[in-house]
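Me: I would like a close look at one residue and its surroundings. Then please link that part to the rest of the chain. Keep the sentences short.

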Amino acid sequence: MSKNDQAYRATTMGPNGMITTPHYLASQAGMNVLQNGGNAIEAAIAAASTISVVYPHMNSIGGDNFWLIYNAKTNKVEALNSSGRSGENASISCYKEKGYNKIPSRGYLSANTVPGAVAGWDEAYRYAKDHFSCTYSWEDLLQAAISYAQNGFAVTPSQEHWTNVNINEEDSEFRYLHRFNEFKRTFLKPDGSLYKRGEVMKQPDLANTLELIASEGSKVFYEGEIARKIVEDLQANGGLLTVNDFKNHRSNWVDPISVDYKGYTAYNLPPNTQGMASLSILNILNNFDFSTIEEGSKEYYHLLIEATKLAFKDRDQWLTDPDFVDIPLDDLLSKSHGMELAHQINSNFSKEMEKKLDPKGDTVWFGVVDKEGNAVSFIQSIYHDFGSGIIPKQTGILLQNRGSFFSLDENNVNSLEPNKRTFHTLNPAMLLKENSSYLVYGTMGGEGQPQTQAALVTRIVDYQFDVQAAIEAPRWLYGRTWGASSNNLKVESRVPNEIIQALEGVGHDIEVVEEFTDVMGHAGAILIDDHNVKRGGADPRGDGLALGY
């Protein structure tokens, strides 16, 4: 058995359709749609709504989402940005007057952007109705989610772990979320104790909210009763969002960005997402011959880590809402710039990044391919685990804290201004081979997303790893953990000791972590092979499942 086939789980294979998500109930909801004639977008909406209920610490309908959609009829990739903008009253002076020099990470003032998720489902569904044959009504697609919210679902080990982390009363900046009444009422039992893995949790308020969205459409979320309830609760507690902010939300179809990679075309989303960083890494790696570099060697890890640092330097200089800054994307992703950055990599020396990287980004990525070959690469997030910690009364909606990433320094490229989209770590990805969908891939995990995407692409394209083996192979993460003052390099303990020592020898500050840690994010991928068989993989670091038929 070659290294390329080594995996604890088998790659899932199906001749017709495939879905992979980081939660088995979401995979099942999407597969049910596919097997009953639904298209990739319909399956994605069923999975996205379900995972908003059953994986609440990682995402919710109070968050944002981004879509890459491959249309098999036109051979085109479409991109949808459904991230929310900051409120009309969100300004640097507003926070400074309240005595803040940074936006709080949790609480009412961290929930300063409109949740775009539900609008994203709606916009994608309209696209499906116009371009694909639709089998499902909007209402039917939300039924699995409603049922789990109403009747309950079994709590995963991941949810138990992250709830426990977030009831640390000694850390009121990032944790101690049960100081917020609705969080406590929703995510803890009446006696204040944790839901343990395997126990059944219900969310009746969220079930009612989802039923309203199912029967009245997304309009009720942005212009109706739900918007009113969210705004009333926020404003009663010093929050910033207004009825106007919700009413004015728009999701946007944007031109996807792409680079060539070893005969394939890699697609991603443009700013305000960090898709440019994910593509920039591939653009740099294009200049290296991997047949001379052994996978899993010191050279392999060092090269990918150094390419990441260079891509992040460009990203941090430029990435924000393109409506506010003219970003020279064509130059940043040009072959000549990729070559120029590649020349800056020293094989004997690790560059130090001055900027402390952000340690968080709790998110779900999933992929779907239907019988017609249409594909979706989808990502949905609330930013930190449990987002802002705020659930407006009677809604069950956990609001994101994505806008806490805005800077209160007016000279920062990502400075807070009203009606602005913040720098977003979310970026779903796709590779095309001769204009046909070849690889749908992505991961959760903030700064880890571009790094893990590069790991998946190199292992699958350059080293011919099977999909599941590529996902399971040892991963690394360059960045920092909560409270740390500098970046380091986390590597899973399956990386051999001699490789770790060799990396330390060229200057990497290494922290060895568990062999399959969810610090590395939950990755997934679907590859369409030459026989048109879909090969799907899910990450053992999460609670996911790849299902095919």
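Reply: **One residue and its surroundings**

Set aside the neighbours of Asn112 within four places in sequence; Asn112 is then in contact with Arg85, Ser86, Gly87, Tyr95, Ile103, Leu240, Leu241, Gly403 and Ser404. This is a predicted model, so read every value here as computed from the prediction.

Where does Asn112 lie? Asn112 sits in the loop between α3 (92-97) and α4 (117-131). Is Asn112 buried or exposed? The relative accessibility of Asn112 is 0%, so Asn112 counts as buried. The cut-off for buried is under 20% relative accessible area. One partner deserves a second look. The side chain of Asn112 makes a polar contact with the side chain of Tyr95, at 3.0 Å.

**Other buried residues**

Take Ser49 next. Ser49 belongs to helix α2 (residues 40-54). Its relative accessible area is 0%, so Ser49 is buried. Beyond its neighbours within four places in sequence, Ser49 is in contact with Trp121, Leu141, Leu142 and Ala145.

Phe153 belongs to a strand. That strand is β5 (residues 153-154). Phe153 has 2% relative accessibility, so it counts as buried. Leaving aside its neighbours within four places in sequence, Phe153 has contacts that include Leu25, Val53, Val54 and Pro56. Glu199, Val200, Met201 and Gln203 are also among the contacts of Phe153. Now pick a residue further along the chain: Gly224 is 71 residues from Phe153. The C-alpha atoms of Phe153 and Gly224 are separated by 29 Å.

**The sheet of seven strands**

Now move to the strands. In general, strands of a sheet pair through backbone hydrogen bonds, either parallel or antiparallel. Here, an open sheet of seven strands runs in the order β1-β18-β17-β13-β12-β9-β8, with antiparallel pairing. Why is one side of β1 and of β8 left without a neighbour in the sheet? β1 and β8 (257-261) stand at the edges with a single partner strand each, so one side of each has no neighbour in the sheet. From one strand to the next, the twist averages 20°.

Follow the order from the β1 end. Strand β1 (residues 12-14) runs antiparallel to β18, and three bridges join them. Thr12 stands opposite Gly536 in β18. Strand β18 itself covers residues 534-538. It is mostly covered: four of its five residues are buried.

On to the next pair. Strand β17 (residues 523-528) pairs with β18 in the antiparallel sense, over five bridges. Leu527 has Arg535 in β18 as its bridge partner. β17 and β18 form a hairpin, with five residues between the strands. In that hairpin, Asn532 takes a positive phi near 65°.

A helix lies across this sheet. Helix α17 (residues 448-462) lies across β8, β9 (264-268), β12 (429-433), β13 (436-443) and β17. The helix α17 runs at about 140° to β13.

**The sheet of three strands**

There is another open sheet to follow. Three strands make it up, in the order β14-β15-β16, and the pairing is mixed. Which strands are at the edges? They are β14 (476-479) and β16 (510-513), and each pairs on one side only. The twist from one strand to the next averages 20°.

How do β15 and β16 pair? Strand β15 (residues 488-492) and β16 pair in the parallel sense, over four bridges. Glu492 has Val513 in β16 as its bridge partner.

**The whole protein**

Step back now. The protein holds 19 helices and 19 strands. Its C-alpha trace spans about 60 × 55 × 45 Å along the principal axes. How does its radius of gyration agree with that of a compact globule? With 549 residues, a compact globule would have a radius near 24 Å; the protein has 22 Å, which agrees.

Burial can be counted for the whole protein too. Of the 549 residues, 64% count as buried. Asn112, with 0% relative accessibility, is one such buried residue. The accessible surface comes to about 19,900 Å², and carbon and sulfur atoms hold 44% of it.

Last, the contacts. Take those in the protein with a separation of 6 or more: residues 24 or more positions apart account for 73% of them. That closes the path from Asn112 in its loop between α3 and α4 to the whole protein, with its 19 helices and 19 strands.

Conventions: Residues numbered from 1 in each chain as written. Predicted model: local features only at pLDDT ≥ 70, side-chain atom pairs only at ≥ 80, totals over all residues. Heavy atoms only, no water. Pairing = 2+ DSSP bridges. Helix = DSSP H or I, 4+ residues; strand = E, 2+ residues; numbered from the N terminus. Axes fitted to C-alpha atoms, helices over the stretch in contact; angles between N-to-C directions. Buried < 20%, exposed > 50% of the residue type's maximum accessible area, 1.4 Å probe, protein only. Rg over C-alpha atoms; globule rule 2.2 N^0.38 Å. Contact = heavy atoms within 4.5 Å. Areas by Shrake-Rupley, 256 points an atom, 1.4 Å probe, with all protein chains shown as cover. Polar contact = N/O pair within 3.5 Å; in protein donor to acceptor, adjacent residues only side chain to side chain.
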